[in-house]
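Q: Got a minute to go over this one with me? I'd like to talk about its surface and its pockets.

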Amino acid sequence: LSFHWVFNTSGETVEMKNTAVKVDGTRSMVDYTPRSELDYGNLLCWGENSIGVQSHPCTYHIIPAGRPDPVHNCTVHNQTFASMQVSCGSGFDGGLRQTFKLELRDARTSHPVTNL
């Protein structure tokens, strides 16, 4: 059993280096990190054994993440002198997991009070 990995862009097809490919029995994995705009495209893999070659390769589309949308409809709830709750709706995540940060500022001076 053997595996083949190639990276395909509209301009070229490049075989993946053996150092990036890991084989564990009947499983194969590749370590691939895009580093420039030219590193986005299709990553293809297929297996081969004594019976023949896999007819249709596995295809992974490597696409850049987009800029996330800002939060919207933020509302303050249960506001007291010492605490408050804030709820906001999230927008499009850009294709990646999101985390959110809140900066609380003094209403009179606009100086930051705390970051959450």
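What follows is a short chat about pockets, a surface patch and a salt bridge.

A: Before we start, this is a predicted model, where local features need pLDDT of at least 70, side-chain atom pairs count only at pLDDT 80 or more, and totals for chains, interfaces and linings use all residues. Residues are numbered from 1 along each chain as its sequence is written, and side-chain values use heavy atoms, with hydrogens and water left out.

Q: OK, how much space lies in the largest pocket?
A: About 320 Å³. A pocket here is an open set of points on a 1 Å grid over the protein atoms alone, where a 1.4 Å probe fits, with protein on both sides within 12 Å along at least five of seven lines. The volume is the space filled by probe spheres set on the points.

Q: Which residues lie nearest its centre?
A: Phe 7, Val 14, Met 16, Tyr 32 and Asp 39, out of 17 that line the largest pocket; lining means having an atom within 4 Å of a point. That lining divides into seven nonpolar, four polar and six charged residues.

Q: And the second largest pocket, what volume does it have?
A: About 260 Å³. It has 15 lining residues, and Phe 81, Ala 82, Ser 83, Met 84 and Leu 104 are the closest to its centre. Strands E9 (103–105) and E10 (112–115) each give two or more residues to that lining; strands are DSSP runs of at least two residues, numbered from the N terminus. By class, the second largest pocket is lined by nine nonpolar, four polar and two charged residues.

Q: Where is Met 84, then?
A: In the loop between strand E7 (72–77) and strand E8 (85–89). Met 84 counts as partly exposed because its relative accessibility is 36%, and that class runs between buried (under 20%) and exposed (over 50%), with a 1.4 Å probe and protein chains only.

Q: Which residues make the nonpolar surface patch?
A: Val 76, Met 84, Val 86, Leu 102, Leu 104, Val 113 and Leu 116, with about 580 Å² between them. Patch members have over 30% relative accessible area and no salt bridge, and nonpolar side chains are joined within 5 Å.

Q: New topic: how many salt bridges does the structure hold?
A: One. The side chains of Glu 103 and Arg 105 meet at 2.8 Å, N to O; the cut-off is a Lys or Arg side-chain nitrogen within 4 Å of an Asp or Glu carboxyl oxygen.

Q: Why does Arg 105 count as partly exposed?
A: Because its relative accessibility is 45%. Glu 103 is partly exposed too, at 38%.

Notes. Patches are made of residues with over 30% relative accessible area and no salt bridge: like charges are joined within 9 Å, nonpolar side chains (Val, Leu, Ile, Met, Phe, Trp, Tyr) within 5 Å. Accessible areas come from the Shrake-Rupley method with a 1.4 Å probe; for residues, only the protein chains shown count as cover. Helices (H or I, at least four residues) and strands (E, at least two) are DSSP runs, numbered from the N terminus. Ala, Val, Leu, Ile, Met, Phe, Trp, Tyr, Cys and Pro count as nonpolar, Asp, Glu, Lys and Arg as charged, and the others, Gly among them, as polar.
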